[in-house]
Amino acid sequence: MREAPASVGDRRWRAVAEDVRLLGVTTRGAAEGAARAHGAYAVAAAAMGRLLSAAALLASDAKEAGSGVQLTADGGGPLGRVRAEACADGLLRARVDHAQVELPPAPGGKLPVGAAVGRAGRLIVERVDGAGIGYTSASDLVSGELGEDVAQFLWASEQVPSAVALGVLVERDGSVAASGGLLVQALPGADPDRLEAMSARLESLRDLSWRLAEGQAIPDLLAWVVDKALPRLVEEPLHFGCRCSREHSRDLLRVVPGAERRQWAADEGAEVVCHYCQTHYRFASAEVAELASPGDPDP
Ligand SMILES: [Zn+2]
């Protein structure tokens, strides 16, 4: 087993083993960063962590600068919408409508992610290419637990037989001890029996978060799923962060209707809050007064 010191950051591994594609991620740093930014209680931290892993897995094809994947679970549960984004440069970020939600534990003492996300809705996946053009697709949520919802999406929307395991371990003090995910996909012509056996192994990894917390390494878990030594794995760094900026926030103020903006200029200025990292961008009255949107008849 590889030794992975706690300071090692988030990572994605990928490989092709004969007729299957294998992907694995660790996202503890990003899950912890998102949980802290939102002051998230355990179930919200777990939901964001699972969706962050899923986004990081699905973004493995995003290579061009500016491209990426955004996942939104909109299941009608008490958390509201949960959203996670993974960019080509490895940046990960997440948000949730209601981060301070408490629910009774699920059977086995597990965090009730499915009940918190809800399943009366859809998983929406938006892929953005390097030119900034978005392609959106969606599938109905199955359980709100997110792992099987992502697998269902990949089958229903992209016709790729896939098995997904996602796990997040949240400590009693609210910190994230482990977060990660595994994805196995059949390549065209894959042996259905072999895929079924690997799916069963992956599904048996319901304790994935515990295994990661114990220090088991993603490459070893992937080798266990395929039941053989793996070819060389490609390893890529991932990191928690945000794409917001003061300039982008100013652009948002520019498109506010002129009357409203003039009111803010006359009052105490304006504040733009990033829904991902919770950074507050303050704009003084004079700064707001200087902003005029194109086509504003009376700026
Ligand atoms: Zn931000």
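1. Strand 1 runs antiparallel to strand 10 (residues 234-237), and 4 bridges join the two. Here a strand is a DSSP run of E with at least two residues, a helix is a run of H or I with at least four, and both are numbered from the N terminus. Two strands pair if DSSP finds at least two bridges between them.

2. Before going on, please note that this is a predicted model: local features need pLDDT of at least 70 and side-chain atom pairs count only at pLDDT 80 or more, while totals for chains, interfaces and linings use all residues. Residues are numbered from 1 along each chain as its sequence is written.

3. Now look at the other partner of strand 1. Strand 1 (residues 11-17) pairs with strand 2 (residues 20-26) over 7 bridges, in the antiparallel sense. They form a hairpin with 2 residues between them, and glutamate 18 in the turn has a positive phi of about 55 degrees.

4. Tryptophan 13 is a nice residue to find on screen. Opposite tryptophan 13 in strand 2 stands glycine 24, and the bridge partner of tryptophan 13 in strand 10 is glutamate 235.

5. Next, helix 2. All 17 of the 17 residues of helix 2 are buried (20 or more other C-beta atoms, placed from the backbone, within 10 Å of a residue's own; 12 or fewer is exposed, in between is partly exposed), so helix 2 is largely enclosed by the rest of the structure.

6. Finally, the whole protein chain: 10 helices and 13 strands make up its secondary structure. Of its 299 residues, 42% count as buried. The C-alpha trace spans about 70 × 40 × 40 Å along its principal axes.
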